[in-house]
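I opened a fresh page for this chain today. My plan is to look at burial, then fold order, then what sits in the middle.

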Amino acid sequence: GVASLLGASGSSGSAGTVPRADYRALPRVTFTDPEVGAVGLTEQQARQRGINVQVGFTELPSSARGWIHKVGNEGFIKVVADADRGVLIGATSVGPAGGEVLSGLVVAVHAAVPLGQLRHMIYAYPTFHRAIEVALRNLR
């Protein structure tokens, strides 16, 4: 079985057990043009669960990397936060590298990184993922 393939080494938990899957931060990417990447809850799903939702949004063409990219720079970053807990619970990244930009958002959702930490990170310039910083600034 899977446990024997893993040899139970490197897994968390007691010997011979396989760690439980954690689907809170399940990434999904659709390889269209532009790429669409998403993680966690959508705004609608979060609201349906009664979460105190904050949403931040920014268009990629307004970012430095979007401007440099010119044609084909369509896209956006949308972040969904639980205002009471101060963490991201979902995000969507649409653009030329939507699936690649998603990786940092997956870590943020999976690890429940505090919004304050995410806002004070240094985002590489000029990259598409730097638009995450603007989306976080636009949380309302």
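**Entry 1, burial.** I began with the whole chain, keeping in mind that this is a predicted model. Of its 140 residues, 36% are buried. I also looked up the accessible surface, which comes to about 8100 Å². Carbon and sulfur atoms hold 57% of that area.

**Entry 2, order of elements.** I counted six helices and five strands. Read from the N terminus, they run α-β-β-α-β-α-β-β-α-α-α.

**Entry 3, contacts along the sequence.** I took the contacts between residues at least 6 apart in sequence and asked how many join residues at least 24 apart. The figure is 55%.

**Entry 4, the largest core.** Nonpolar side chains tend to be buried together in soluble globular proteins, so I went looking for cores. The largest nonpolar core here has 24 residues. Those with the most contacts inside this core are Val 39, Ile 77, Val 79, Leu 88, Leu 105, Leu 118 and Leu 136. Which elements give two or more residues to this core? I found strands S4 (76–82) and S5 (87–95), along with helices H4 (98–110), H5 (115–119) and H6 (131–137). H4 gives the most, with six residues.

**Entry 5, a second core.** Apart from the largest core I noted another one, of seven residues. Its members include Val 53, Val 55, Val 80 and Val 87.

**Entry 6, one residue up close.** I picked Leu 136 and listed what it touches, leaving out residues up to four places away in sequence. The list reads Val 79, Leu 88, Leu 115, Leu 118, Arg 119 and Tyr 123. Val 79, Leu 88 and Leu 118 were already on my page from the largest core.

Notes:
Residues numbered from 1 in each chain as written. Predicted model: local features only at pLDDT ≥ 70, side-chain atom pairs only at ≥ 80, totals over all residues. Heavy atoms only, no water. Helix = DSSP H or I, 4+ residues; strand = E, 2+ residues; numbered from the N terminus. Buried < 20%, exposed > 50% of the residue type's maximum accessible area, 1.4 Å probe, protein only. Contact = heavy atoms within 4.5 Å. Areas by Shrake-Rupley, 256 points an atom, 1.4 Å probe, with all protein chains shown as cover. Core = buried A, V, L, I, M, F, W, Y, C linked by side-chain atoms within 4.5 Å.
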